[in-house]
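Student: I have a model open and would like to work through how its parts pack. Where do we start?

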Amino acid sequence: AGRADTATDPAPLEMFETVITFKPRSQWRPGMTPEKLRDELDRHVRVPGLTNLWVPPIRNRIDMLSTGIKSPVGIKINGQDLEAINRVSQQVAHVALTVPGVSSAFAERLEGGHYIDIDIDRLAAGRYGMNINDVQEIIQQAVGGADTGETVEGVARYPINVRYPRAWRDSPSKLEKLLFITPMGQQIHLGMVAHVHIVDGPTMLRSEDALPSNWVYIDINHRDLASVVRDLKQAIDHQVSLPAGVSITYTGQFESMQHAADRLRLVIPTTLAIIFILLYLTFQRMEDAWIIMLSIPLALSGGIWLVKLLGYNLSVAVAVGFIALAGVAAEFGVVMILYLRQAMERQRLNGQPWTDEQLREAIREGAVQRVRPKAMTVAVILAGLTPVLLGSGTGSEIMRRIAAPMMGGMITAPLLSMLLIPAIYWLRHRQQRIL
């Protein structure tokens, strides 16, 4: 509870962390999943004044170190006026709860802190021959204490700190009655040279880009991160009016996912362009390269359907699975084209034109020769990925999302390469023969 004694844990005083250790999966109720368990915890664990945020401990630390936000999405409100920042933060949290997929939204409070403020009266202190530094030193020594020596007990050394007893300094009125000796030898009360009162203020202040900042923690459930953030931005832009000098930025896991998406937007087209160039250099025909490239999106349809049936949202792990599936689908197309070209070379008739029956027979021979090796390849991939898709150990959530597109694609990719590519190949060569 509260702030840890370290500079690497920027937690407010009102933050509580509770670690829940689960039983082994074999002891869970039938049909129980982590998502259902989280929903039940969220319904039953209700503490007045607190908002639930369910984050795995390791991911929590990684997020805190990388972005400072332990929730999937964090909103930072920056500005000059603390009151305006606090008001906008509460409005953002209220609007966020109306967005589908947001399970909780908590805005840190910039009020609630109480501080003892000691205002030194310069004129009154000057009448007793004291300046600001003299009064501050007296306050520091009488309230905070001053080290006057050191005691040695065995191999341990302890400082000797002297200050007024707690009963003399546990309220503003008692602080005003603290006695001390002035440089002129007079004995006066602290209230004679300073005004002691309690003021309200923030419990903790953050700064972002040299401006005071406040954070709103948003937890997401049952929806993908990108769509929730998109709807969240639209709702906040329409319903929250920002005062002058106040700005809003989004961070958290969404920020990491956005960086990954930006890289994928650059890497994927570049990779596809390189693959197309390599295919053209391999076959020396633009048509063969285009046939393989056009078959890749159709081969990915099986992976899309399986990901949809399993209820997985689009993530970096799912994108990696689709990239691997695209590579396998391209490999299937390359091998099929090679078999078809070899079969046509074997049946070429000394430069004489092809008949429909001869062309069909050559393509059928090349396609049939590819059935057995392709079936073996698919069987090996399915046998290797099935334990990954059905596993429940540490890290299985990520591995299942990588394996799901591959498993679904192993149904459509082989069928498309064995049925669609030979048909397209036959139509292209038949059209060339007619022309």
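**Two helices and a pocket**

Tutor: This is a predicted model. We start with α8 and α9, which are oblique to each other.

Student: Why do α8 and α9 count as oblique to each other?

Tutor: Two packed helices are described by the angle between their axes and the distance between the axes. Helix α8 covers residues 253-283 and helix α9 residues 286-299, and their axes lie 8 Å apart at an angle of about 140°. Angles over 145 degrees count as roughly antiparallel and those from 65 to 115 as roughly perpendicular. The pair falls in neither range, and α8 and α9 are therefore oblique.

Student: How many residues of the contact of α8 with α9 are nonpolar?

Tutor: On the α8 side the contact is made by Leu272, Ile275, Phe276, Leu279, Tyr280 and Phe283. From α9 come Met286, Asp288, Ala289, Trp290, Ile292 and Met293. One residue is charged and no residue is polar, while the number of nonpolar ones is 11.

Student: Which helix gives the most to the lining of the second largest pocket?

Tutor: The second largest pocket holds about 650 Å³ of space, and 27 residues line it, with Leu264, Ile268, Ala319, Phe322 and Ile323 the closest to its centre. At least two lining residues come from each of α8, α9 and α11. With 13 residues, the helix that gives the most is α8.

Student: How many residues in that lining are nonpolar?

Tutor: The lining of the second largest pocket has 4 polar and 2 charged residues. The nonpolar residues there number 21.

Definitions and conventions
Residues are numbered from 1 along each chain as its sequence is written. This is a predicted model: local features need pLDDT of at least 70, side-chain atom pairs count only at pLDDT 80 or more; totals for chains, interfaces and linings use all residues. Side-chain values use heavy atoms; hydrogens and water are left out. Axes are lines fitted to C-alpha atoms, for helices over the stretch in contact, and angles run from 0 to 180 degrees between N-to-C directions. Helices (H or I, at least four residues) and strands (E, at least two) are DSSP runs, numbered from the N terminus. Angles under 35 degrees count as roughly parallel, over 145 as roughly antiparallel, 65 to 115 as roughly perpendicular and the rest as oblique. Contact means heavy atoms within 4.5 Å. Ala, Val, Leu, Ile, Met, Phe, Trp, Tyr, Cys and Pro count as nonpolar, Asp, Glu, Lys and Arg as charged, and the others, Gly among them, as polar. On a 1 Å grid over the protein atoms alone, a cavity is a set of points where a 1.4 Å probe fits but cannot get out, and a pocket is an open set with protein on both sides within 12 Å along at least five of seven lines; lining residues have an atom within 4 Å of a point. Grid points are joined across faces, edges and corners, and a volume is the space filled by probe spheres set on the points.
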